[in-house]
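User: I am new to this structure and would like a close look at a single part of it. Please take the sheet in chain A and the helices that go with it, and then set it beside the rest for context.

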Amino acid sequence: MNLLEGRRVLLVEDESLVAMMAEDMLLDLGCEVIVAMRLDKAVDYVHAETFDLAVLDVNLGDALSYPVANLLRERCTPFLFATGYGARGLEETYRSVPVLQKPYQAALMAHLLNQLLAGGAPTWGGSGPEPATCACHRSTEAPSADGSFQADLAR
Amino acid sequence: MPNTRQPLQSVPAASTPLASLRPGADQLFETERRLNAVLNNASVSIFLMDDRQHCIYMNRAAEQLTGWTLPEVLARDCPLHDIVHHTYPDGRPFPLAECAIDRAFPENNQERGEEVFVHRDGHFYAVGFTASPIRDDAANIIGTIIEVRDITEEKAAAQRQRLLINELNHRVKNTLATVQSIAAQTFRGQTDQAARAVFDSRMAALSTAHNVLVEDNWESASLRSVVERALAPHRLAEVDVTRFVLDGPDARLHPKVAVTLGMALHELMTNAAKYGSLSIPEGRVAVSWALHALDDGRQQLALSWEEHDGPPVTRPTRRGFGSRLIERQLPMEFDGRAAITYAPDGVVCQLEVPLTQLGWVGQETLDGHPAR
């Protein structure tokens with residue numbers, strides 16, 4: 001299953017060398033990649049353009065990428081978080097978003113992105129204030145971190 | 001306060017004559033009651049010393065800190081040093097003559113220092129002190145007021161942080177070495193030696209960039225050190241001043257800037273050694289930089305790399321790792337600019353990097369733009 005061919009993917013990753021590699025992985029999967037390495041640039045991109053998918057590094061050094069996540073959610077754009085800390089490093093509100101463990105692995109990234117496209121936007125869990133709900137309701141069967149596929153092999 | 005011209009005296013001796021000295025004894029009593037309320041509820045320990053360094057007053061916090069009550073200290077009738085500071089932590093006796101607090105019988109207000117005191121029960125505890133002189137009307141020093149805080153917890157926290165940073169340094173270095181080893185094992189016999197050498201030198205450059213961070217506890221890095229280390233052929237060697245001219249002021253760099261800049265300089269140097277001015281003995285490189293103030297209050301680093309006296313330059317046919325890192329990633333990572341010019345008489349690279357505030361998320365408020 002490769003639904004990724006030709007998809008526009010926003011990659012938010014703040015480390016130059018890591019961003020190069022993740023971009024190459026997405027390019028190899030057939031994606032069109034737009035790279036943002038700073039929170040303000042990522043927010044600008046989401047305001048100005050539309051994406052099929054997004055890969056968000058959580059910790060951008062001087063900021064966290066949650067504002068981008070909220071914007072993507074409003075736009076019903078499915079996304080995953082990439083982090084070295086695992087799902088436990090995420091704020092409560094975002095715990096159900098799929099997590100790609102760093103370092104990036106192409107096969108895992110492909111699997112999670114395919115799953116996102118097949119299932120639609122992620123659900124939101126936790127008891128904190130809910131971000132704006134997705135307006136399009138295009139899927140009721142959203143993947144979650146508790147699904148059959150465990151991205152975080154350490155758990 | 002009483003206008004005594006006598007050296008300060010211990011409280012029992014002093015309070016009686018003071019109360020009868022003046023007609024407004026009630027007012028004096030009221031003032032004393034207020035001062036006692038302040039002193040005995042203060043969490044910092046306060047000692048009042050006479051000109052012989054005998055303690056004539058200590059507040060409740062001081063009694064708790066030392067394990068001695070004021071009447072007990074007064075009854076000892078000896079310098080406070082002999083009660084709370086008489087032994088070095090290693091067990092040797094600590095004579096009054098060697099005591100920094102005593103010697104400091106301060107000329108200036110608010111002399112500060114750190115010492116280790118002995119509790120009544122024999123245990124040692126670290127304290128920070130502030131000492132100020134008390135003067136009579138003629139400005140003669142007649143006593144000292146010493147403020148003391150128990151800093152055992154602060155010391156322990158600093159010690160834990162040192163241990164963590166040492167562990168971090170060790171882990172980072174080990175992880176880099178491990179990655180290098182995995183690559184060596186994985187690609188043994190499958191990759192040509194030249195590619196392996198390039199990989200190893202990049203790992204070494206990454207490691208070198210981290211060395212500069214280690215020196216300042218990962219908080220920031222010296223710009224000049226980053227440049228010098230990146231351009232030294234081996235980690236321990238100095239920059240070859242016959243080949244490089246370095247010119248620019250030092251500055252503090254955010255760790256991320258330090259690492260990426262270190263890698264960028266490594267790529268420029270590798271390219272120069274292979275194709276550019278460092279590929280022949282006569283070739284030179286001038287690395288110069290300056291700092292400019294930006295409108296938003298930040299500083300911008302403008303750094304230029306200029307190769308001279310090398311072989312004629314030909315434009316590379318494909319964009320490699322180095323030019324991608326420098327021209328594309330570095331500007332994106334730091335909201336800066338970068339350009340490499342393949343001028344016929346030498347490669348020129350110009351970088352402009354706004355220097356962000358030092359610190360990481362969690363230390364500072366987010367300086368990005370919230371989306372909501």
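Analyst: What follows describes the sheet of chain A, then its helices, and ends with a short look at chain B. The model is predicted.

Begin with the chain as a whole. Chain A contains 4 helices and 5 strands. Along the sequence these elements come in the pattern β-α-β-α-β-α-β-β-α. Of the 155 residues in chain A, 46% are buried. If contacts are counted between residues at least 6 apart in sequence, 66% of those in chain A join residues at least 24 apart. The UniProt record, an unreviewed entry, places the feature "domain: Response regulatory" at residues 8-117 of chain A. The C-alpha atoms at the two ends of that span lie 12 Å apart, and the span is 40% helix and 21% strand.

Now the sheet. It is an open sheet of 5 strands in chain A, with the order 2-1-3-4-5 and parallel pairing. Strand 2 (32-36) and strand 5 (99-101) of chain A each have a single partner strand, so one side of each is left without a neighbour in the sheet. On average, and with direction ignored, neighbouring strands of this sheet are turned by 20° against each other.

One pair of strands can serve as an example. Strand 3 (residues 53-57) and strand 4 (residues 79-83) of chain A are joined in the parallel sense over 4 bridges. Within this pair, Ala54(A) is opposite Phe79(A) of strand 4 of chain A. Helix 3 (residues 66-74) of chain A packs on the sheet, where it touches strand 1 (8-12), strand 3 and strand 4 of chain A. The direction of helix 3 makes about 165° with that of strand 3 of chain A.

Helix 3 also has a helix beside it. The axes of helix 2 and helix 3 of chain A come within 9 Å and cross at roughly 10°. This makes helix 2 of chain A roughly parallel to helix 3 of chain A. On the side of helix 2 of chain A, the residues that meet helix 3 are Leu39(A), Ala42(A), Val43(A) and Val46(A). Their counterparts in helix 3 of chain A are Pro67(A), Val68(A), Leu71(A) and Leu72(A).

Which residues of helix 2 (residues 39-48) of chain A are buried? They are Leu39(A), Ala42(A), Val43(A) and Val46(A). Viewed down the axis of helix 2 of chain A, the buried residues fall within an arc of 100°, so they line one face of the helix. Their cover includes strand 1, strand 2 and helix 3 of chain A.

For context, chain B has an open sheet of 5 strands as well, in the order 7-9-10-12-11, but with mixed pairing. Strand 7 (244-247) and strand 11 (337-343) of chain B are its edge strands, each pairing on one side only. Here the average turn between neighbouring strands is 10°, direction ignored. Strand 10 (residues 299-308) and strand 12 (residues 346-355) of chain B pair in the antiparallel sense over 8 bridges, and Trp305(B) is opposite Cys349(B) of strand 12 of chain B. Helix 10 (residues 255-274) of chain B packs on this sheet and touches strand 9 (284-293), strand 10 and strand 12 of chain B.

Key
Residues numbered from 1 in each chain as written. Chains lettered and ligands numbered in written order. Predicted model: local features only at pLDDT ≥ 70, side-chain atom pairs only at ≥ 80, totals over all residues. Pairing = 2+ DSSP bridges. Axes fitted to C-alpha atoms, helices over the stretch in contact; angles between N-to-C directions. Contact = placed C-beta atoms within 7 Å. Buried ≥ 20, exposed ≤ 12 C-beta atoms within 10 Å, placed from the backbone. Arc of directions from axis to C-beta. UniProt positions renumbered as here; feature names shortened; annotations may be inferred. Parallel < 35°, antiparallel > 145°, perpendicular 65-115°, else oblique.
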